[in-house]
Amino acid sequence: MFERFTEKARRVLFFARYEASQFGSSRIQTEHLLLGLLREYKGITLLLPSADTKSIRKQIEAAAEVRATIPTSLDLPLGEQSGRVLGYAVEEAARLNHHHISTEHLLLGMLHERESFGARLLLERGADLEKLRRQIEKQGSQPFEPPRVAIPPSARAGETITIHDVPRNSLSIREAVKRCREYSWHWQKRDLTTRDIVVNRRTGAISFELTLAAEDPATFEVIKGGWKRKDRCAVCRWELFESKEDPTHGTGYTNGREWLCNECYDKFWQRPDFISGSYSDLT
């Protein structure tokens with residue numbers, strides 16, 4: 001599911017985790033998701049003008065138990081209601097025929113969980129699920145469609161290249177390799193590791209410029225491992241992520257912008273004649 005989340009939606013979850021830690025909550029609750037949404041989804045005020053961030057935060061702070069903050073380096077699980085909100089967001093994306101799951105779907109998903117604190121705060125401000133759904137649909141948020149490659153009859157007939165034990169359409173792979181070779185990239189082997197970031201204590205804005213915390217510690221806080229790296233191979237779309245259990249997913253080759261899995265690098269860069277040698281009828 002999370003592979004369909006846009007970068008904006010993932011930042012909402014990051015901010016929600018940060019908010020939960022600041023409130024000393026052992027779980028990410030719907031009110032923390034709402035604060036994350038308000039940080040990231042500026043369009044919410046156009047859809048719901050009464051959704052004032054300051055007043056919502058004030059209500060959440062007034063209702064929260066006084067607890068010690070939890071270190072931001074610790075992972076916090078989603079609360080039961082928050083988990084259902086994400087599931088409803090997936091359903092809303094499908095209803096709108098959107099391949100991606102973004103902030104607007106999280107907003108709609110929260111309104112399904114009507115008894116949650118986050119939803120009640122929105123409902124008090126006039127939020128209506130059906131009305132918001134129509135507004136979002138009217139805005140014309142376009143579903144993500146990956147580039148399509150025309151497949152000739154010969155390829156449709158079963159011409160495949162096996163990568164990671166999965167048969168893949170040979171023409172699609174060839175086109176992806178061609179795109180990656182358009183420039184003379186230097187591919188360097190790297191581990192996909194988490195990165196430290198700094199967070200603006202007031203706004204929640206994040207940066208990889210760690211010197212900000214040293215220059216202005218009152219405003220910026222360093223979060224160790226706050227950015228969890230995740231990518232896909234630019235050729236076969238194999239998922240790459242940091243994993244101690246399965247290190248094959250945790251290393252690859254990068255040009256600083258894109259990644260290649262080890263198998264694709266071995267096939268198409270270490271042996272650049274792989275396609276022409278093995279699939280000469282397609283080149």
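1. Of the contacts in the protein with a separation of 6 or more, 65% are between residues 24 or more positions apart. The model under discussion is a predicted one, and its secondary structure consists of 13 helices and ten strands. Of the 283 residues in the protein, 44% are buried, while the accessible surface comes to about 15,600 Å², with 50% of that area belonging to carbon and sulfur atoms.

2. Helix α7, which spans residues 117-124, has Gly118, Ala119, Leu121 and Leu122 as buried residues. These four lie on the same side of α7, because they cover an arc of only 160° around the axis. As a general matter, an α-helix has 3.6 residues a turn, so residues three or four places apart point the same way. The cover over the buried residues of α7 includes α2 (30-40), α4 (53-63) and α6 (103-112). Just after α7 comes glycine 126, for which the model gives a positive phi of about 90°.

3. Helix α2 deserves a closer reading at glutamate 40, which is found in that helix. Is this glutamate 40 buried or exposed? With a relative accessibility of 10%, glutamate 40 counts as buried, because the cut-off for a buried residue is under 20% relative accessible area. Its side chain makes a polar contact with the side chain of arginine 11, at 2.8 Å. When neighbours within four places in sequence are left aside, the residues in contact with glutamate 40 are Lys8, Arg11, Val12, Phe15 and Thr103.

4. An open sheet of three strands runs in the order β5-β4-β6, and its pairing is antiparallel. Its edge strands are β5 (206-207) and β6 (220-227), each of which pairs on one side only. Helix α1 (residues 7-22) packs on this sheet and touches β4, β5 and β6, with a direction that makes about 120° with that of β6. Strand β4, made of residues 195-200, is joined to β5 in the antiparallel sense over two bridges, and valine 198 stands opposite serine 207 in β5.

5. The hairpin of β1 and β2 may be read together with its loop. The two strands pair in the antiparallel sense over four bridges, and isoleucine 163 has valine 166, in β2, as its bridge partner. Two residues lie between the strands of this hairpin, where histidine 164 takes a positive phi near 55°. Aspartate 165 is placed in the loop between β1 (160-163) and β2 (166-169), and its phi is near 65°, again a positive value in a residue other than glycine. Aspartate 165 counts as exposed, because its relative accessibility is 75% and the cut-off for exposed is over 50%.

6. A further residue to check is arginine 237, which is found in the loop between β7 (230-232) and β8 (239-241). What is the phi of arginine 237? The model places this angle near 70°, a positive value in a residue other than glycine. Arginine 237 has a relative accessible area of 48% and is therefore described as partly exposed.

Terms used. Residues are numbered from 1 along each chain as its sequence is written. This is a predicted model: local features need pLDDT of at least 70, side-chain atom pairs count only at pLDDT 80 or more; totals for chains, interfaces and linings use all residues. Side-chain values use heavy atoms; hydrogens and water are left out. Buried means under 20% relative accessible area, exposed over 50%, partly exposed in between (1.4 Å probe, protein chains only). The arc is that of the directions from the helix axis to the C-beta atoms. Contact means heavy atoms within 4.5 Å. Accessible areas come from the Shrake-Rupley method with a 1.4 Å probe; for residues, only the protein chains shown count as cover. Two strands pair if DSSP finds at least two bridges between them. Axes are lines fitted to C-alpha atoms, for helices over the stretch in contact, and angles run from 0 to 180 degrees between N-to-C directions. A polar contact is a pair of N or O atoms within 3.5 Å; within protein, one must be able to donate a hydrogen and the other to accept it, and residues adjacent in sequence count only if both atoms are side-chain atoms.
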